[in-house]
Every structure is written in C-alpha cells, then in structure tokens.
Amino acid sequence: MVWAPEAPSTPSRPAGDEVAGLSRLQVLRLLDSGPRGLMEAEAESRLLRHGENVLPGRRPVSWPRRLARSLRDPFTMVLLALGVVSALIASWGTAGVIVLLVVASCVLRSNGEYRADRSTAALRELVATTATVRRRASEDAEPWEREIPVDQLVPGDVIKLGPGDLVPADVRLLRARGLTVHQAPLTGESAPVPKRALDLPEGDDHLCRQGSSVVAGSALAVVAATGADTMLAGSSAAPARRLSAFDRSVNGISWTLVRLMVIIPPVALVANAVLRGRGLEALPFAVAVAVGLTPEMLPVVVTTALARGSALLARSGVIVKRLAALHDVGAIDVLCMDKTGTLTRDRPVLRDSIGPDGGPDPEVLRWAAINSFWTLHLADPPVPDALDEAILLGAPDHGDVEGVDASPFDPVSRVSCALVHDGGAHRVVVKGAVEPVLERCTLSPPDRLRAVRLADRLAEEGLRVLAVAVTDRPAVHRLGEERGLSFAGFVTLADEPSPEAPGALAALSRRGITPKVLTGDHPATAARTCRDLGLSVGAVVNAGELADLSDAELAEAVGRATVVARCTPEQKARVVRALRASGHTVGFLGDGVNDLAAMRAADVGICPRGAVDVTREAADVVLAAKDLAAVDHAVAAGRRSTGNIVTYLRIALSSNVGNVIAMLAAGLALPFLPMLPVQVLVQNLCFDAAQLALAFDRADPAVLRRPLRLRPRAILPFVVGFGALNAVADLVTFAVLTWVLGVEGAPAFHTGWFIENMLTQAVIMLLLRPISGVSRPLGLATGALAAVGLLLPLSPLTGAFGLVALPATSYLWLLAVVGLYGGTLLAITRRRFLDRGRRTP
C-alpha cells in the first residue's frame, strides 16, 4: 500500500514545490481532488479562499497610484524644480501657474492612461486565455470538460494541455503523451523539454510551471499552485519588457529638451546681470523662459493619440494590447508571414496518392489516412490539423485497424507518428515533410534520388507533398525515434489561394510594405502560390542554405527574396532578427506554436483571435481574423496616430524655440523685461490646452503611403527652421510696437506681444501641419486661442496679468504682422517643408 498524508477537507493555500516528490495519488489527496476533477461548488469556494489565478504584477494600477507615478516624468520633475525656485524667491504668481501646469499635465496624462488601460483590459477579455478544465456538478455526477478563463483556476482543478497551450498554473502531470514544453521564460533553455507523468518522480520531469508553453503532445494535469504561489510569481529574475523604438525616441526627445531647460535659466540670468545689471530680479523671467520651452503636454498627447487610434481599431475587431505597438505597426516596412491560412485558405484539398514508381497507389492514401485518424483521436490536439482533415475527407475506409498510440505533428521534427495494430501485427505509420521522412527510410541512393526528384516535380506543380512510410515495431517503443522505415509513397494536396489576398497584398505594397513569406513548405510550392497572387517572387531561398551565413550575409540574401522555404521555427526567428538588424521595422503575422519565436523576435507580433493561446498571449496586435486587410487597417491607424504626434512635436517645439529666442534677444535689447513671467506662463497654459486638439487631427493621405517612424533627428531641422521664422515674426512685432506705434511703457509692450503670440500660435497650429482640412476639435481650439488673445486685454482680468487695453490701430498693425507671417508660412510649407515631411517624419 502506498502511503499518503491525510488531506484536510479544506486544504490551505498550497505551494507548487510541496508536490515535487509525491506520487500522483499523494498529490490528488493533498489537494483533495481526483481524476474526475472538482465539484463546481468546491471550485467556487476555493476561488474565494485562494483568490484569482493572476500574477501580482499583472493587476491593474489604481488611478491615484498612476497619478503619483506621473510625477516621475522628466518634464514634470523639472517644472516642479522651477516652481520651488520661484517660491523661494517669493515669486508666487510664477509658482502658482507652474503648479497649475503640473497638475493639469499629470491629471490629463493619468486619466488618459487609466482610460486607455481600462479599454485595453476590456478588449483583452475578448481574447483572454482559457484552459480546458474537468469539473462535476455533484459528487455522483459524471464529469464534463469546458473552457474557463485561466484566472478562474484553483488548486485541485484537473486540466488538459495540448499543443499551443500556455501552462496556466503550476501543475503536476497525471498523464502525458509525447509532451514537450518550452520553458525559456523560466529557465532560459532554448530547446523544448520533454515531460513525463512519472508515478515515483525524480527531478521535475513530472512538473510544468506557469509561463511555459506546450510545443507538442498532450497531457492531463492537476493544478498545484496558482497566482502568487507559482514559481513564476516568486521569480525575481523575470525579465522586464524591453523598450520599443517608440519609447526610445520619445525618451530621447524628452531628455534633450530637459538638458536645454537646465541650461537656459542660468544663461538668461547671467546675460541679464552682465548686460542689464538686473541680477536676481530677472530670475522669475529666466524660470518662465525655461517653462516656455517645455512641451509638458507631450506625454498627454502621445497617450491620447495612441489610445484614440486603438479605440478606432477596436471597432473593426483589431485589438492593440500595448499602446506603443500602434506606432510600431505604422512603422512596419517588412511584413513576414506564413503561407497557409494567410495567402491561402485553411482548408487544403486532397489531390492524389502516388507510389514510389510515380504512378497512382491507393495503398499510400490508406496508410496516410490511418496516420491522420489515430493522430487526431489519440494525440488529442486542441485544433484538428487541416491536412489530416483533408486526407480523411478524401480517403476511403482504411479497414479494421486499431490505434495504440500516436505522436502529433511536431514543427521541429516535421513528422507525425501513429502506432497501430493491423492484422495481428503492430506497425508504425510516419507521415510528414519529404526530407525528414526519407531520412528515416531504408533506400538505396538511386531510389532516394528518384523519390526526391518526384517530390520536387509534384511541388513545382504547386502541390503540397507529404511523404508516407511504414515499419513493423513491437507494441512497446518510443514514438518518434523510428529508423529503417519502408517508403510507401506521397500524398499530394492543393492549397486554394485566398480570394482576398491579392487585393490586400496590393494595398500593403501601396503603403510601402514588402511582404516576406516564411514557410515550411517546398520552395516551388510557395513560389507558385505567390505568383498566383501577383507577388513578384524574385529569388526563392531554402532556409537550409542559410545556416552557414553570417547575420549580415543572411540579411542580404533574405532582402532579395520574397520566399524563404523549409523554415523551422528558429530559422524564422533568425530571418526576422537579420531583417531588423539591417534597419527594417519588421512585423510578423502568425497563429501557431511554430510562429512564436519569430513573433517574439519581430518589432510587432500580429496574430488572429483564433491563434493558439501561447501565440495570442505573445502578440502585440490581435486581429478578428487572419486577414491581411485587417493588417492594412492597423497600419493606417498606426500612421495616423504617429502623424499626429509628429505634428504636435513640430508645432510645439518650433513655437517654443521661436518664443524663447525672441524672449532672450528682447530681454537683452529692451530696458525692461519683454514679458512678465506670469504672462509667459499663462500664454504657455493656453498653448498647451489648445495643442491637445492635435491628437484628434485628420491624417494627411501622404502620411499613410509610407512607413512612418518617430525620428528625433528628422524633426530637428524642421524645428530649427520654423523656430527661427517664428522668432523673426516676434522681432518684427517688437519693431512695429516700438518704432511704428511708438508704444511707451512695459504694460503696452507686454500686451502687444501677448496678443501677437496668441494669434501666431493659432496660425501655426493651422498651417504647420499637413494641409488636409481642419478637424472640428482643431478648429474650435485655434478659434478659442485667438479669442483669448484678443479679448483678455479687454477683460476685467487685465490687472491680474499686467495687461492694458490698446488702441484700435494697434490691433490692425498686429493683425497685419500675423497675416504676413501666415502668408510666408503657407508659401514655405506648400513648397518645401511639408513635401519633405511627407517622405520622412
């Protein structure tokens, strides 16, 4: 009798390591469970007691905590430092406006991120990972199996695992058949690891941890630990998400501006002290100049633009799981994809069965059908293989054959195996790709060469070719290790091209995206399909020929090719990495376990909602269906959002730079400060509020035609050029106020420049952007900005801001200056800068 500890009627919260050295029976007793699973009432009770199966770090961040975290933004920290300086010198007006700017920025940013995360979380429920669990309604009821969200799993649940499944918790295997798992996130092992359901375990071959994924085989397991008690939750070595190209670009812009903000106040202060003898009285002005350079709404505009694009995509069933990924989708210039299900339909059609001599042979189809039937029934894959279904649909009855064991198709070995009892003998039937099957067969060199040539000829006709082999074996053996097989022949199937694929490929090409087909099929088969869809195939590369190439040579070879055939999962990933290293932004569209490595290597991983769990969890973008047209919609949305962010950066930075140049020049030339600190800050607050409308702006059609990336170096010339033009407009205003209008006294000068600044900012927002019509939010924002500039000096608030009413002739001259500036701006943008901007951001 096997000893087992007496289990409590309501087990305490277990840990996965407690079951490591126990037999299956001992584990089930410890967890107060059984092979038939838990009762529903008991599962609900345990869920309340143990909590949801959610990692601690995956819980949503509360709004107050997000607000506190937004204070760590570099712009916010610098503004707070400037506010402290203002308070120390008793410049309370300056300090108050700075605090208002900080509060407005943090609240808007936190609210935008909170709403975006809530929307994303709600959308992710549509593609939430589920697990197949076995439960009962009552003690005597028969168990049934159903899909439930993984966060509803509890210790003691009995679950099923199959290829493509994420292991949803720490589990102890009860039964396993050909099970291999990928556990690199936990152990760093790149190769899949075999697992066995040993009754007297040694090591951890009988345990599967949360975070690993099933590569091949199937299993029945009992949940040992969930949530915070899993090994993954307790691991301190869990890697953080890498910064995307978008994150790096935004951070680069932010820290460049922070450095300028730190440098400018001391420079302005020293210059005023040396040339004008103002000393510390100019410190509030220097602080205001630094604040004027700050695009403190940058995080808000970025979050709003990306969240709006994601929300619009969600209406068409496209889910963006990570906001920054929307920019990366718009930057894609190479899209890698598999052939089956993307360029062709998921349902291949059986064509023929051919013997080794090249003639029709029904016996080959019989053996292929036996392999397909028992692979589907005994290996129990989560999704039936389309090739197996096509073979069974077109094959006759395969006779009285009893299945014993089966190993499903493995993307690494590229074969499937079935052990059957046929006519008093045990036989192994192997079916799969041509090369690995022929390598297992006993063939003379001439016969092997003849078989290879026959397979090549069939593939060149656009057919998918599967090889079939048979051998006698004893009843007990390890499937997948067969050698010395007897070659039976080939089964051919045809892939029907997707009717939507030609139009979608043409649309992607018009957007400047180059497709690359990475497939495990024969080169000729893949090339034929591409030609039928109107793709220019160019060179066709066999992945086996790339093994000895360096990364640079690989990138060059793949860059010339449209098709890379005979790809293993790791070879797909290496091709993607080589393309990225050569400067491309790469997206990968896939749906199977064999696509996972390539998806993780790409800038953007894309999958359909029907993809296997592990692939869907790793993807950045989830489509309603495996449809290239949906990818085109996502690319367009990404480019619209990025275009609006680039437009904001151009407008905000060029305007701020121009104003700062003008303020520094005027501060040295005039006997008084050109603008009071509180006026600078109020003006900046109005600019920030108006510029939020740029997140809702319309997209220029030219922006949608080319890959769009946020490049700080490309923005800099634009900012310098138009910043200088803006400074010239300000200096012309100074001349008009001083020499033409004969303005005397600081208040009138301050008022005139305040009005001109507000009006030119409205003009900049309308003209320093793609000329494609004005959206309603932008029209309202610029109209309000101009109204504030014209009416504030006439309002009862003039005394609080140091403004005065000006004569009517002053308004006419200021409007003339603004009109001349707007005309010059319009001429330049039409002829040069925006045309260049349509090519590079």
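Which residue is the bridge partner of Val429 in strand 15? Keep that one in mind as a warm-up; its solution comes in Exercise 1. The model above is predicted, and the exercises below walk through parts of it.

**Exercise 1. Work out how the sheet around strand 15 is assembled, and find the partner of Val429.**

Solution.
Step 1. Begin with the strand order: this open sheet of 6 strands reads 11-16-15-14-13-12, with antiparallel pairing.
Step 2. Look at the ends. Strand 11 (349-354) and strand 12 are the edge strands, each pairing on one side only.
Step 3. Add the twist, which averages 25° from one strand to the next.
Step 4. Now zoom in on strand 14 and strand 15 (residues 463-472), which pair in the antiparallel sense over 6 bridges. Val470 in strand 15 is the bridge partner of Val429.
Step 5. Finally, place the helices that pack on the sheet. Helix 13 (residues 386-394) touches strand 11, strand 14, strand 15 and strand 16 (486-494), and its direction makes about 95° with that of strand 16. Helix 15 (residues 445-460) touches strand 11, strand 15 and strand 16, and here the direction makes about 5° with that of strand 16.

**Exercise 2. Follow strand 13 and describe its neighbours and its burial.**

Solution.
Step 1. Count the buried residues: 7 of the 8 residues of strand 13 (residues 415-422) are buried, so this strand is largely enclosed by the rest of the structure.
Step 2. Turn to one neighbour. Strand 12 (residues 401-407) runs antiparallel to strand 13, and 6 bridges join the two. Within strand 13, Cys417 is the residue opposite Ser407.
Step 3. Turn to the other neighbour. Strand 14 (residues 425-432) is also antiparallel to strand 13, joined to it by 8 bridges. His426 in strand 14 stands opposite His421.
Step 4. Inspect the connection. Strands 13 and 14 form a hairpin with 2 residues between them, and Gly423 in the turn has a positive phi of about 60°.

**Exercise 3. Which residues of helix 18 are buried, and which are exposed?**

Solution.
Step 1. List the buried residues of helix 18 (residues 551-559): Leu554, Ala555, Ala557 and Val558.
Step 2. Check where they point. They cover an arc of only 165° around the axis, which puts them on the same side of helix 18.
Step 3. Go round to the other side of helix 18, where Ala552 and Glu556 are exposed.
Step 4. Ask what covers the buried residues. The cover includes strand 17 (514-518), strand 18 (539-542), strand 19 (561-565) and helix 19 (569-581).

**Exercise 4. Describe two helix pairs: helix 10 with helix 22, and helix 23 with helix 26.**

Solution.
Step 1. Recall the usual terms: two packed helices are described by the angle between their axes and the distance between the axes.
Step 2. For helix 10 (residues 298-314) and helix 22 (residues 628-669), the axes come within 9 Å and cross at roughly 160°. With angles over 145 degrees counting as roughly antiparallel, these two helices are therefore roughly antiparallel to each other.
Step 3. Add the handedness: helix 10 passes helix 22 in a right-handed crossing. On the helix 10 side, the contact is made by Leu298, Val301, Val302, Ala305, Leu306, Gly309 and Leu313. Helix 22 contributes His633, Ala634, Ala637, Ser641, Ile645, Tyr648 and Leu649.
Step 4. Repeat for helix 23 (residues 677-691) and helix 26 (residues 776-791), which pack at about 165° with their axes 9 Å apart. Helix 23 and helix 26 are therefore roughly antiparallel to each other.
Step 5. The crossing of helix 23 and helix 26 is right-handed. Cys686, Phe687 and Ala690 of helix 23 make the contact with Ala781, Leu785 and Val788 of helix 26.

**Exercise 5. Examine the backbone at Asp32 and Arg566, then decide whether each is buried, partly exposed or exposed.**

Solution.
Step 1. Start from the general rule: most residues other than glycine have a negative phi.
Step 2. Asp32 is not a glycine, yet has a positive phi of about 50°. Asp32 lies in the loop between helix 1 (24-30) and strand 1 (38-39). Its relative accessibility is 35%, so Asp32 counts as partly exposed.
Step 3. Arg566 is likewise not a glycine and has a positive phi of about 55°. The loop between strand 19 and helix 19 holds Arg566. At 10% relative accessibility, Arg566 counts as buried, since buried means under 20%.

**Exercise 6. Summarise the whole chain.**

Solution.
Step 1. Count the elements: the chain has 28 helices and 22 strands.
Step 2. Look at burial: 56% of the 841 residues count as buried.
Step 3. Consider contacts between residues at least 6 apart in sequence: 74% of them join residues at least 24 apart.

Note on methods: Residues numbered from 1 in each chain as written. Predicted model: local features only at pLDDT ≥ 70, side-chain atom pairs only at ≥ 80, totals over all residues. Heavy atoms only, no water. Buried < 20%, exposed > 50% of the residue type's maximum accessible area, 1.4 Å probe, protein only. Helix = DSSP H or I, 4+ residues; strand = E, 2+ residues; numbered from the N terminus. Arc of directions from axis to C-beta. Contact = heavy atoms within 4.5 Å. Pairing = 2+ DSSP bridges. Axes fitted to C-alpha atoms, helices over the stretch in contact; angles between N-to-C directions. Parallel < 35°, antiparallel > 145°, perpendicular 65-115°, else oblique. Left-handed = near helix turned anticlockwise from the far one by under 90°.
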